[in-house]
Amino acid sequence: MCGIVGIVGSSPVNQAIYDALTVLQHRGQDAAGIITIDSNRFRLRKANGLVKDVFEAKHMQRLQGTVGIGHVRYPTAGSSSASEAQPFYVNSPFGITLAHNGNLTNAHVVRKHLFEQDRRHVNTTSDSEVLLNVLALELDKTNSLQLSKEDVFTAVERVHETVRGAYAVAAMIIGQGMVAFRDPNGIRPLCLGKREVEGRTEYMVASESVALDAVGFDFMRDVAPGEAIYITFEGEIATKQCAANPQLNPCIFEFVYFARPDSFIDKVSVYAARVEMGNMLGEKIKREWDDLDIDVVIPIPETSCDIALQIAQIIDKPYRQGFVKNRYVGRTFIMPGQTQRKKSVRRKLNAIRSEFKGKNVLLVDDSIVRGTTSEQIIEMARDSGANKVYMVSAAPEVRFPNVYGIDMPSANELIAHGRGVDEIASMIGADGLMYQSIDDLIAAVGLGNPDIKQFEASVFSGQYVTGDVDQEYLEFLDSLRSDDAKLQRDITQDLVSLELYNEGA
């Protein structure tokens with residue numbers, strides 16, 4: 001998962017992009033980057049690390065200009081090397097830079113075609129650089145030094161025809177303008193905002209509406225699936241639907257886990273959706289676990305707190321904060337290796353022993369992916385004196401790989417893949433385990449926008465909305481993204497780094 005920002009303004013944008021990225025930090029902690037245009041030249045700073053660590057005062061001073069884009073990243077395609085931090089840049093035509101959230105399902109095919117047919121070199125393993133080169137190739141076909149909005153929209157139409165998967169994009173073209181677009185299924189989020197500064201309208205695109213709020217932009221609307229928005233550097237805006245058969249199929253996992261609760265995505269309040277998840281799950285607990293003697297409801301912070309509060313109200317049990325979270329430890333299930341994930345859980349959470357001692361506890365989590373965190377949290381509850389530990393998940397069983405930009409791709413690493421609920425409960429050490437049903441989850445999120453007829457929910461259902469994902473592709477993805485594959489890539493990167501160091505010594 002990644003976060004993107006783009007601003008076309010009349011005043012310096014470096015601080016606004018920085019501030020927007022800090023509130024999108026939850027979407028990626030691996031790397032960050034900002035690129036601006038000053039005196040018809042790109043000014044770029046990107047590196048591995050959090051936003052606050054990547055950008056020092058000296059970097060911000062260099063990022064001059066009234067237009068720019070920014071990106072926060074964690075790797076789902078390619079490696080975690082600093083060379084794959086975004087935005088990416090290509091010098092022809094004009095000079096184009098691009099930031100991308102999502103994942104292309106046919107990147108390996110397109111990459112091969114770019115080299116063999118179009119003689120374009122992709123320098124990294126990132127699918128985002130593939131996407132940039134496809135856009136550059138199509139813009140190059142205009143044979144004009146000044147792009148019209150029709151030229152840009154035609155290029156985006158051809159991008160939609162070439163690539164498959166999930167993508168929300170912000171790109172800048174030197175001397176021309178900024179273009180933002182979203183895949184024809186609207187899987188990854190993207191919204192548009194504006195503000196008035198000294199009589200001129202400034203425009204902004206971002207992955208979540210909370211980024212607009214943070215820097216004083218007013219939310220205008222979500223970018224439609226397949227739509228392109230082109231904003232010239234003079235501030236003129238144009239939009240066009242560039243996909244043949246667009247349909248809104250937003251990723252439901254955004255609402256379960258990734259998005260901030262103060263965001264709106266495709267007209268749905270993330271907070272309200274989570275409250276409704278709690279209502280649905282609470283009613284299910286009342287129906288199916290009415291014989292259990294539950295003393296207290298405790299959330300596993302932070303996403304599940306609102307969900308757990310609703311459950312506690314419905315089953316009429318006390319709600320307590322039983323865990324204290326260390327905010328300076330990253331998300332565990334997106335960390336690069338299983339061993340590192342295991343070591344990080346107790347650094348991430350600490351139990352308040354008095355809330356567990358001698359009690360039958362109902363733990364509430366937003367989802368259970370690999371089960372590593374759940375197992376250790378249940379162990380922590382027992383170590384703190386809990387008599388019984390029951391666990392419920394606000395999301396259904398995660399049984400299938402995600403191919404659209406969430407880093408849980410290997411089916412064999414998903415605890416629910418090929419297992420029943422009782423077996424999963426035994427593996428994580430729970431006295432009882434309950435999952436939200438897929439129908440209830442869809443109803444909970446869909447309540448905020450009845451116009452959404454289908455969600456991208458492949459991690460639960462195994463149904464991929466782009467229609468191009470088969471077992472062969474899943475096996476290919478597994479070979480790239482399993483923990484063993486990532487470990488081998490990390491070792492290879494370390495060896496390359498050591499070799500380069502020795503050469504320079």
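The questions and answers below walk through parts of a predicted model.

Visitor: What is the order of the strands in the open sheet of six strands?
Guide: This sheet pairs its strands in the antiparallel sense. Neighbouring strands are turned by 20° against each other on average, direction ignored. The order is β5-β6-β7-β8-β12-β13.

Visitor: Which are the edge strands of this sheet?
Guide: An edge strand of this sheet pairs on one side only. That applies to residues 88–90 and to residues 237–241. The edge strands are β5 and β13.

Visitor: How many bridges join β12 to β13?
Guide: Strand β12 covers residues 227–232 and runs antiparallel to β13. One facing pair is A228 and K240, and I231 has I237 as its bridge partner. The number of bridges joining β12 to β13 is five.

Visitor: Which residue stands opposite A228 in β12?
Guide: β12 also pairs with β8, antiparallel and over five bridges. The residue that stands opposite A228 here is F181.

Visitor: Which residue in the hairpin of β12 and β13 takes a positive phi?
Guide: The hairpin has four residues between its strands. The positive phi is near 95°, and the residue that takes it is G235.

Visitor: How many residues of β12 are buried?
Guide: On one side of β12, E227, I229 and I231 are buried. On the other side, A228, Y230 and T232 are buried as well, so both faces are covered. The strand is therefore largely enclosed by the rest of the structure, and the count of buried residues is six of the six.

Visitor: At about what angle does helix α6 run to β8?
Guide: Helix α6 is made of residues 149–162. It lies across β7 (165–173), β8 (177–182), β12 and β13. Its angle to β8 is about 35°.

Visitor: How far apart are the end C-alpha atoms of α6?
Guide: The helix has 14 residues, and at 1.5 Å a residue these should span 20 Å. The model agrees with that expectation, since the end C-alpha atoms are apart by 20 Å.

Visitor: What arc do the buried residues of α6 cover around the axis?
Guide: The buried residues of α6 are V152, F153, A155, V156, V159 and H160. They lie on the same side of α6, because the arc they cover is only 155°.

Visitor: Which elements are included in what covers the buried residues of α6?
Guide: One of them is α5, made of residues 127–140. Strands take part too, and the full set named here is α5, β7, β8, β12 and β13.

Visitor: Is L147 buried or exposed?
Guide: L147 is found in the loop between α5 and α6. Leaving aside its neighbours within four places in sequence, its contacts include F94, V152 and Y230. The relative accessibility of L147 is 6%, and a residue under 20% counts as buried. L147 is therefore buried.

Visitor: How far apart in space are L147 and T232, C-alpha to C-alpha?
Guide: In sequence, L147 and T232 are 85 residues apart. In space, the C-alpha to C-alpha distance is 9.8 Å.

Visitor: How many residues of helix α10 are buried?
Guide: Helix α10 spans residues 305–315 and is mostly covered. Its buried residues include C305, I307 and A308, and they pack against α9, β16, β19 and β20. The number buried is eight of its eleven.

Visitor: How many residues apart in sequence are the parts that F42 and Y89 tie together?
Guide: F42 and Y89 form an edge-to-face aromatic pair, 5.5 Å centre to centre with 75° between the planes. F42 is in strand β3 and Y89 in strand β5, so the parts tied together are apart in sequence by 47 residues.

Visitor: Which of F42 and Y89 is buried?
Guide: Y89 has a relative accessible area of 45% and is partly exposed. The value for F42 is 19%, and buried means under 20%. The buried residue is therefore F42.

Visitor: In which helix do Y473 and F476 both lie?
Guide: Y473 and F476 form a tilted aromatic pair, 6.2 Å centre to centre with 45° between the planes. They are three residues apart, about one turn of the helix. That helix is α16.

Note on methods. Residues are numbered from 1 along each chain as its sequence is written. This is a predicted model: local features need pLDDT of at least 70, side-chain atom pairs count only at pLDDT 80 or more; totals for chains, interfaces and linings use all residues. Side-chain values use heavy atoms; hydrogens and water are left out. Two strands pair if DSSP finds at least two bridges between them. Helices (H or I, at least four residues) and strands (E, at least two) are DSSP runs, numbered from the N terminus. Axes are lines fitted to C-alpha atoms, for helices over the stretch in contact, and angles run from 0 to 180 degrees between N-to-C directions. Contact means heavy atoms within 4.5 Å. Rings of Phe, Tyr and Trp (its six-membered ring) pair if their centres lie within 6.5 Å; planes under 30 degrees apart count as stacked, over 60 as edge-to-face and the rest as tilted. Buried means under 20% relative accessible area, exposed over 50%, partly exposed in between (1.4 Å probe, protein chains only). The expected span of a helix is 1.5 Å times one less than its number of residues. The arc is that of the directions from the helix axis to the C-beta atoms.
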